[in-house]
Amino acid sequence: MQNSAEFQELRGRFRSFVFPMTVAFLVWYFLYVILSIYATGFMGTKVFGNITWGLIIGLGQFVTTFLITALYIRFANKEVDPRAESIRLELEGGVA
């Protein structure tokens, strides 16, 4: 089954979403860490009241985590799950 065209397409679609999204998030995360270490002045700059850039970017990490999760769920429901179900049915001898 791993060599079938259906499985290869499923794996390709999965990877085309997951790998770029993972790289983008890791770059965003490490940017936050690097700024926290080397740009303490910037991260401590108050934007309004006692809210600093560090706090805004740090909370942005949570927002992007939830956003990526929501995007993946939508992608999986639309692209991955139907193809995986079809492959599963074929393997089990059902009608795809």
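Tutor: Before we begin, a residue is called exposed when its relative accessible area is over 50%, buried when that area is under 20%, and partly exposed in between. Please keep in mind that the structure above is a predicted model.

Student: Is G41 buried or exposed?

Tutor: G41 is found in helix α2, which covers residues 40-43. The relative accessibility of G41 is 52%, and because the cut-off for this class is over 50%, G41 counts as exposed.

Student: How far apart are the C-alpha atoms of G41 and L89?

Tutor: Along the chain, G41 and L89 are 48 residues apart. In space, the separation between the C-alpha atoms of G41 and L89 is 58 Å.

Student: Which strand holds T52, and is T52 buried or exposed?

Tutor: The strand that holds T52 is β2, made of residues 51-52. If neighbours within four places in sequence are left aside, T52 is in contact with M43, G44, T45, K46 and V47. The relative accessibility of T52 is 17%, and since the cut-off for this class is under 20%, T52 counts as buried.

Student: Where does E9 find its salt-bridge partner R13, in terms of helical turns?

Tutor: It helps to recall that side chains of opposite charge can pair when their charged atoms come close. E9 forms a salt bridge with R13, and the closest N and O atoms of this pair are 3.3 Å apart. Because E9 and R13 are four residues apart in helix α1 (residues 5-38), the distance between them along the helix is about one helical turn.

Student: How exposed are E9 and R13?

Tutor: E9 has a relative accessibility of 38%, while R13 has a relative accessible area of 32%. Because values between the two cut-offs of 20% and 50% belong to the middle class, E9 counts as partly exposed, and R13 is likewise partly exposed.

Student: Which residues in helix α3 meet R88 in salt bridges?

Tutor: In one salt bridge, the side chains of R88 and E85 meet with an N to O distance of 2.5 Å, and these two residues are three apart in helix α3 (residues 53-92), which means that about one helical turn separates them. In another, the side chains of E92 and R88 meet at 2.6 Å, N to O, and these residues lie four apart in helix α3, again about one turn. The partners of R88 described here are therefore E85 and E92.

Student: Which residues are joined with E9 into one network by salt bridges that share partners?

Tutor: The structure holds six salt bridges. Where salt bridges share partners, they join E9 into one network with R13, E79 and R83.

Student: Which element gives the most residues to the largest nonpolar core?

Tutor: The largest nonpolar core has seven residues in all, namely L10, F17, V18, F75, A76, V80 and I87. The elements that give two or more residues to this core are α1 and α3. With four residues, the element that gives the most is α3.

Student: Which residues does F75 touch, not counting those up to four places away in sequence?

Tutor: F75 is one of the residues in the largest nonpolar core. Once residues up to four places away in sequence are not counted, the residues that F75 touches are R13, F14, F17 and V80.

Technical notes. Residues numbered from 1 in each chain as written. Predicted model: local features only at pLDDT ≥ 70, side-chain atom pairs only at ≥ 80, totals over all residues. Heavy atoms only, no water. Buried < 20%, exposed > 50% of the residue type's maximum accessible area, 1.4 Å probe, protein only. Salt bridge = Lys/Arg side-chain N within 4 Å of Asp/Glu carboxyl O. Contact = heavy atoms within 4.5 Å. Core = buried A, V, L, I, M, F, W, Y, C linked by side-chain atoms within 4.5 Å.
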